[in-house]
Structures are given as C-alpha cells and as structure tokens.
Amino acid sequence: MIKSGLCGEDDGRGPERAVPSMYGWLMKALALLVAADQASKFVAEALIRPYTTVATPLGRLLRFTLIYNEGAAFGIMSGKRLFIMGVTVLFAAGVLAYWPSVWRMGSYTRVAAAMMLAGSVGNFIDRARTGAVVDFLEVPAVPLFQVFNFADALLVLGTLVFIYSMFRAS
C-alpha cells in the first residue's frame, strides 16, 4: 500500500524505511541479475574458443558462438568504449536519481528499470574488464538477432516491459 508522502510501498516500519527498502530491492535485483550475466559469460569463455560456434540439441533455435563486441548493439560505435561506458554511467545515475519516481510507477516499471540497469552494468563490467562485451548466444532462426548475451537480453526485455508498462498506465 502506498501512503501519502511515502516513496514506495509501506512495509509497516514508517516513512523513514520506505526509501532504503526501495533501493534495497533494486540492489538485490541488480546483484542477482548481474551475477547471472557475469557467471554465464565466465562459463562461455571457459568452454568456447573465441570466434567458434558450438551446436546445441536445439539446432537452429540456439547455438553458442563466442565473440567480443567492441561496440554497442550490432557493433555500432566500435572503438568508442569510453564513450559507451560514459553513457552507461549517465544512464545508471539517472535511474538511481529517479528511482523513487520509478518505484511509484508500479511493479512493471520497476522490474523493467532494474532489468535495463542490470544489463547496462553487466556489459559495463565486460568493457572495463576486457575492453569489449562478451557475447555468446546465437539464434540462427531469427536473422535479425546477432550474437548476444544475457545482459543484452535484459536490456531488450526490460525495454519491452517498460513500453508495456507505459501503455498499461495510459
């Protein structure tokens, strides 16, 4: 339940707890999603040779191809690592600054924002660690999809959930 003057759900412990619990929820969601992303990339790098493809029992639905993307989506802005990292920092700062507003927009919006932030942070970690994003998931049946990773999936799905939440609110 949201009460007047509170920035989130009332947990019964008063308004002084509302803001910390909102940010606590976000930090827990981020920790879980970023850990899953980084773990999947660690396993991919341990098991797949760079620039080789590994078939799966799912055939044309899914295969693994380890690549290192030095740009943003679809390799655009290749070689602009510091710029992309700067945009990521600005995006993260914006989400954190506006988190109380995002929180009040409802559960779909907060989940969407957490997914997009986690995807951004996961790819930021790659750029800081290796200079490129570790991509390894490939869906050959859908030619539009390039090789991507769990963080990319979070970004896309988070964006779709965000759009859905905006239509739902109107």
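The charged end of Arg110 sits over the ring of Trp103, 3.8 Å from the ring centre; the criterion is NZ of Lys or CZ of Arg within 6 Å of the ring centre and within 35 degrees of the ring normal. The model is predicted, so local features need pLDDT of at least 70 and side-chain atom pairs pLDDT 80 or more, whereas totals for chains, interfaces and linings use all residues. Residues are numbered from 1 along each chain as its sequence is written, and side-chain values use heavy atoms, without hydrogens and water.

Trp103 also belongs to a cluster with Trp25 and Trp99, linked by ring pairs. Rings of Phe, Tyr and Trp (its six-membered ring) pair if their centres lie within 6.5 Å. The count by this rule is six aromatic pairs.

Two further residues are placed below; helices (H or I, at least four residues) and strands (E, at least two) are DSSP runs, numbered from the N terminus.

| Residue | Place |
|---|---|
| Asp135 | strand S3 (residues 133-138) |
| Tyr51 | loop between helix H1 (18-47) and strand S1 (53-55) |

Asp135 is buried and has no salt bridge, with Lys41, the nearest side chain of opposite charge, 6.3 Å away. Buried means under 20% relative accessible area, exposed over 50% and partly exposed in between (1.4 Å probe, protein chains only). A salt bridge needs a side-chain nitrogen of Lys or Arg within 4 Å of a carboxyl oxygen of Asp or Glu. Beyond four places in sequence, the contacts of Asp135 (heavy atoms within 4.5 Å) include Thr65, Asn69, Phe148 and Asp152.

Tyr51 counts as exposed because its relative accessibility is 57%. Outside its neighbours within four places in sequence, Tyr51 contacts Leu66, Ile67 and Tyr68.

Notes:
Lys and Arg count as positive and Asp and Glu as negative; His and the chain ends are not counted. Rings of Phe, Tyr and Trp (its six-membered ring) pair if their centres lie within 6.5 Å; planes under 30 degrees apart count as stacked, over 60 as edge-to-face and the rest as tilted.
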